[in-house]
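These are my notebook entries on a structure I looked up. I begin with residue pairing and then turn to other features.

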Amino acid sequence: MAIVNKNFRVKNGLIVDGSVATVNGYNVLTEASTAFIISTVGGSADTANTPNTVVKRDGSGNFAAGTITASIVGNLTGNVTGTVSSLSNHDTGDLAEGSNLYFTNARALAATAAAYDAAGAASSAQANAATDATSKVAAEATARTSAIAAAIATEVTDRNSAIATAKSEAISAAATDATTKAGSAQSAAISAAAADATTKANAAQAAAISAAATDATTKANAAQAAAEATAAAALSSAISTEVSNRNTAISTAVDSLVDGAPALLNTLNELAAAINDDANYTTTITTALGTKANSADVTSSLATAATNAAADATTKANAAQAAAEATAAADATTKAATAKSEAISAAATDATTKVAAEATARNSAISTAIAGEVTDRNSAIATAQAAAQADAEATAASALADVADGTTPFTVVNVNDVSAIRAATTTVASAGTVNAITWSGSDYRTAKALVKFKNGVNTQVSEVLLTLDTSNNVSVTEFGSINTGTDLGTISAAYASGSVSISVTTTYASTDVMVHATLIK
């Protein structure tokens, strides 16, 4: 046998003489019949559900098999065991029922009817239990609150009394201590102020006396100089006046003598007239001149006047100096006394200020201590209140749990988390339809309401149940109604603009309508 290690291509077909042919060690099929294929793979083929056989269809195109994992297209006849992933194109009408019935609302209600009471006894029992639990919880909470309030009031009274006593004692002690220290401070301040005032007063007095003496001397010297200057001026003025008067008199006499004549009198009549026709004119003139002072007398008089003026100026200057010294001494004494008084007053004021500051500091310290004590006590009271409230709430929760029906799968919740109570009243003046009560449809989706009509002596009470689906369609039923003789109105419900409302249509005018509703989320 020849072995070829190369690829070769046969374009027209390959004819192999013999009964077998192999490729890479595997036989090549040489027959197309089903029997040959079945024989080649080893085994048999059958339409029955036979293990380890090839499945083939029978004359009708059917075959039997065990577990088949596939998408089945067409009808499936026979029993199916295992999981069927989808029956979306079938419903329960396509299934024949045996002992296991499929689910319907009617069958579910029928099967569980024994667990419900159509008269609402279970609901009533639950409501009664909830009411009883609420009453007991409220009573327990009231008792707890009362006890807590009493305990807190007692504690507050005791603490306030203790605070008041401590405050009174602290204030008394602080006042005593402040008084003692204030007295000591005042005494020391007065003593120091007195010593300081005496020293300052003596220094002020000495300085004032020295200044006054200097000032008096200066003023006396100035007064003396002024007096001497005044006297000299007076003397000069007197001399000047006297000379002026004499010159004026002489000029007047000469003018009178001349009497308007020329400088050279050349007529006796004019001269005689000038001498008053006095034949003894010379004697008369001599006599007149004898009555006048001579120059020596004038000089002597002037010297005497100057001396007298100087003496008078000295006397006045000495008197002014003495008066000035006396005034300065008195002024110095007054100023020294005033300085001493002011120093003592300032020292007393300073002592009073320091005592007040000490008292303020003491009072501030006392107030701070009291405030801290009050804060601590209030904190303790708040802690006690919180603990008492927690105990009360725990007790209430325990009581509520004890009330719950052990055979009913209730979940303990806060009633306010799932429901609310609403009430409304209105008077319908004219017979017609009005809104009796309204609430938000997003908050509460279900309600049970008692609606009362009253007109004159007649009344009507109706119980209404209503609920909303996810599309806000309202289902409402009048669960029961009773009246005292005549129908006073009808009830309806609607959803609009996010709100649910219960409306009433009254039969008569002037009808009072009252609604009490329990709303559930």
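Entry 1. I looked up threonine 490 and found it opposite threonine 505 in strand 11. I note that the model is predicted. I then checked serine 492, which stands opposite serine 503, again in strand 11.

Entry 2. I asked in which sense strand 10 and strand 11 pair. Strand 10 covers residues 489–496 and strand 11 covers residues 499–506; their pairing is antiparallel and runs over eight bridges. I recorded that the two strands form a hairpin, with two residues between them. In the turn, serine 497 has a positive phi of about 55 degrees.

Entry 3. I next looked up the sheet that holds this hairpin. The sheet is open, has three strands in the order 6-11-10, and shows antiparallel pairing. Which strands stand at the edges? I found strand 6 (433–440) and strand 10 there; each has a single partner strand, so one side of each lacks a neighbour in the sheet. From one strand to the next, the twist averages 20 degrees. As a general point, I noted that side chains in a regular strand alternate between the two faces of the sheet.

Entry 4. I turned to the surface and looked for nonpolar residues. Val55, Phe63, Ile68, Ile72 and Leu76 form a nonpolar patch there, and their accessible area together is about 480 Å². For one of these, isoleucine 72, I looked up the location: the loop between strand 4 (54–55) and helix 2 (105–112).

Conventions: Residues are numbered from 1 along each chain as its sequence is written. This is a predicted model: local features need pLDDT of at least 70, side-chain atom pairs count only at pLDDT 80 or more; totals for chains, interfaces and linings use all residues. Side-chain values use heavy atoms; hydrogens and water are left out. Two strands pair if DSSP finds at least two bridges between them. Helices (H or I, at least four residues) and strands (E, at least two) are DSSP runs, numbered from the N terminus. Axes are lines fitted to C-alpha atoms, for helices over the stretch in contact, and angles run from 0 to 180 degrees between N-to-C directions. Patches are made of residues with over 30% relative accessible area and no salt bridge: like charges are joined within 9 Å, nonpolar side chains (Val, Leu, Ile, Met, Phe, Trp, Tyr) within 5 Å. Accessible areas come from the Shrake-Rupley method with a 1.4 Å probe; for residues, only the protein chains shown count as cover. A salt bridge is a side-chain nitrogen of Lys or Arg within 4 Å of a carboxyl oxygen of Asp or Glu.
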